[in-house]
Structure formats: C-alpha cells, structure tokens
Amino acid sequence: MDDAKTIAWVLPHEGYDDEALLAPLRAQGYRVVTCLPGASGALGSDLRVLQAELFADARRLRREYVLDPRPTLVVVGSAEQEVDVLEFIKPGDDVVRGTQPAELLVLRLLRLARMHGGGELPAAPLVEVTDALTGLGNRRRWLAQAAQAITPHLPGEARAVVVINLDRFKSLNDRHGHAVGDQVLRGVAAALLAETAPGDRLARLGGDQFVALIARYDRATVEADVQRMLERLARGVVLAPAEADAAPGWGLTAPAPIDGQPQRMGVTASAGLAFVDGQASVDELLQQADVALYEAKSRGRQRLVLYESLQQGPGGEERDPYLRHFENVTRVMTERVTTLVTNMGRNLVEAARREANQDALTQLPNRRYFDARLLREIEAARRHGRALSVALIDLDHFHDVNAGFGYPTGDLVLRRFADVARASVRLTDWVARYGGEEFCLVMPDTELATAAMVAERLRRQVEATAFSSIDQRPVPLTASIGVAALGEGAGDPVALVERASAMLLTAKAGGRNRLVSAA
C-alpha cells in the first residue's frame, strides 16, 4: 500500500511467537511493531491491535484498551468476547472474530486506516462488506456467505434465514434523536451476536433490519433461539455514552451511565423465518423471510412468523402468501404514512402556535401571549389568595443605540438582553417582550418586597453585562424598572401594568438605571 501504516501489535510477553499471523500484514505493506501491554502508547504507530484471548480476563483487556486512545482493532475468539468488546469500544474502532482468514484481518485494518485518514484503499473485492455503524457484515457480504453456507447439510440439521426488523424505530429516532438511534442499532447488533452460535451468519441488511442464517439440531430449536433473540432485545440493549466529538445537531445523546454502568433501552422487534429446503436460493429464502416478517408486523408486532405457516389458511385451504404479503406491506406502509402525516401536522400546529405567541427577535413570549397569560395569572392569584407582582423594564436611551450603532446592533442588543433576563430570574418567573425596548417580568406567588429584589438583581446584571455592537464596539446599556404588586388598586391586567408603568416613569425621571417599586 502506498500510504503505509505502522501497527502496534500488543503481545502478552517477550518472545511470544506470532510471526505466522504478522507476515500477511507485512506483505500488505504494513510496518508491524510488537510491544508488551502498556507500551503501545509510547510507539509512534498509527493503529493498534489487541488480541482478547491473550489477556487473562475482560477487565485486563479493557484496561489495556483505555490506556491508548489510538485507533484499535480488537481480535476476539468467540461471540461472547465479541459482545463484551462491542459494549465498550469507541465507534471509531473495530472488532474482528478470529485471525483467519488473514484477508479478513487485513480488510478490517484497511477499513480502520481509512476511517482515520489513511487515504485511498487498494482495490479489493471485499472493501465494502462491513456495516460502518455496527461492524457486522452488510447485505453484500451476507448474501455471498449464505450462498456458500446453505449448500452443505448435516444429517438432521435445520437451517433457516431469519429477518429481524425493529418495531417503530422511526418513532424512537424522532423522540430521542439519531445519536440515540445509532447507539440502539449498535446495541441491537451486540445483543443479537450474544444469541448467535459461532457458525451463524449475522448481518445488517440496512436501516433497522438485520438478517441471520442459523443452523441448529432441529426446527424447534431454530424457532426457540430466534424467539430468544426477540426476548433479549425486549429486555434492553446497552446504550454506550456518545462520543464527545459526535456530529452536532443529532439530537439527544444516550443517557449518562449510572454508577459507571451504561443504561439500557428496551426495544421490540418482529421477525420472519424461512427454513432452507434445499431447493430455494438465498434470494428466494430472503424474500420468503421478508413475507413472514410483514405478516408478523400485521399481527401486532413483537412476534415471530414462519413462512411455511402462511401457505395454508385457517381452514386448511391453500392461499397465495405473496398476495397476503402485498396486503401486509400496504397496511404497514399506510400506517407509517399516517403516522408521518400526523407528526407533520402536529409539528406544523406547534410551529404556528409558537409563531403566534413568540417574539421572533428575542424568542421571548410576545405581547399577545403576555396579555392572555397575565389575565390567567391574576385569576389564579385571586382564586387561591396568592401574591402576584410584575416589573416593567425599559432599556435606557435605546434610541441612541439604534442611532449611534445602527439597527442591526439594536437587534443584537435586544437579543442579548433577553438572554440576560432569562438567566437572571427564577424558574417560576417569566419574561415577555411588551413592545420595542420594553419588557415585562411576571413573578407569581411573589410579594412586592421579594419582587423588588428579583428585579434589582436583573437591573444590576444588565449594568454589569458587556454589550457589543456588530463590529465589536462596546455598547453602554442600563435599564430602568418599575415594580408593582396585585392589590386593591391594581386588580386587573391593565391596572396592574399601569401601576408598574407609573413606577417606571418615576425611575426614569429620577435619573434612569434604577428601580422604583410601589409603596
């Protein structure tokens, strides 16, 4: 390879002979440097390889893994080890089961090198055979493996293709964000691997769909093992914490670990099963399993359906499973479209509601929202005998800000003030833009004296904040505030705001940058 990479290969002790394994890598142009545990960090290597079976236990393997942050390929010897490793390695690292064939090991290292800036890969027919998210084989690789695996049969052995699809995965993505959705898919891959036998072929077909070719002693065992896979998912899949450098805007990250242990999320899945009968091709078996999968979806999801059970109706009459498949696909697609349209409508209504009640510039509630909610606040205060106070805030000499720095700076200052106001009041209080450079702070369950202290804290915070113009010139800004409480002389919204306005005018007449409250 043109852009040769150096691999730090961690061995258990000096003199350990692994030359037969390292030779194929060197033949590919890699520079392989062996080292002892704990020493890989001192080497100037690009990649690192850890062999799980060379460590006494999973704890020591994990400790060695976290000692060195460089891109790592972990070689495991069993499905159990693979599941353990998948639960703690970073998304940018990889795992491979076994060191043979050597071509697969080389492929994984090439993939790892490419993910971390290794340049173009040499042409190879197996370059795109792994799923980047889960590390499982992809559809192309699975079809090639399954075509070879379905031909030989042991006496009495039962083989089947199973397609597993997560139920309502799009809703999960919409609710939690794509970052959590990706971590769920990785967790599902790990959980399914934990339930497969060494000779099974598991892959991700795409999206939220997985496929496996499994072999067992008899058909009953096949069905029981697939059912166990679905039950394993329902018990919860591990959500590893998201990487710190994950792409922004993906939505929520996975829940934070509790007591150092990653949290789990229960998911349900439906499955379709088609047994290998010696005549059907891999493509036909996959299609049959897909037909059974949609039947499982139509029956309520979270269940397993066998393709052969669809070939006869309840009364024993023969029926066309593909006609039934068309009906099921239509039903599922209609349900998905209905859900999509419902969500879109809900989002549009919510957006319209926000637009109607939110000030576009400051993102604070607008005057319309203020008038409606203040009336409700007063009614609630009267009904329950509670206090209620408001503070009317005016930014001093704001006309000079617009005239001296320009209207874009004026807008910037208003947005910055809104941020300061939100951060300076209590959780129970709310601030609205009353109009222009005037704002109103509403403080439920608050007597006049306490309201004056809250508003004064806001005034001081405005005075202490460094406001800047578009071109980064300092913009002097202070605020005058009038505070009033609900009482006999201010028993409705207009009277209450009018009283606060009178206090505000007194503050301005007294020199501005001050607070006046009603006696």
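**Exercise 1. Work out how H7 passes H8: is the crossing left-handed or right-handed?**

Step 1. Get your bearings: this is a predicted model, where local features need pLDDT of at least 70, side-chain atom pairs count only at pLDDT 80 or more, and totals for chains, interfaces and linings use all residues. Numbering starts from 1 along each chain as its sequence is written, and side-chain values use heavy atoms, leaving out hydrogens and water.

Step 2. Find the pair: helix H7 covers residues 178-195 and helix H8 residues 219-235. Helices here are DSSP runs (H or I, at least four residues) and strands likewise (E, at least two), numbered from the N terminus.

Step 3. Look at the axes, which are lines fitted to C-alpha atoms over the stretch in contact, with angles from 0 to 180 degrees between N-to-C directions. They come within 9 Å and cross at roughly 140°.

Step 4. Name the handedness: H7 passes H8 in a right-handed crossing (the near helix is turned clockwise from the far one by less than a right angle; anticlockwise would be left-handed).

**Exercise 2. Find which residues of H7 and H8 make the contact.**

Step 1. With contact meaning heavy atoms within 4.5 Å, H7 brings Val188, Ala191, Leu192, Ala194 and Glu195.

Step 2. From H8 come Arg228, Met229, Arg232, Leu233 and Arg235.

**Exercise 3. Locate Arg168 and Gln363, and check phi.**

Step 1. Arg168 sits in the loop between strand E6 (158-166) and helix H6 (169-176); phi is positive, about 50°, though Arg168 isn't a glycine.

Step 2. Gln363 falls in the loop between helix H10 (321-357) and helix H11 (367-384). Gln363, also not a glycine, has a positive phi near 65°.
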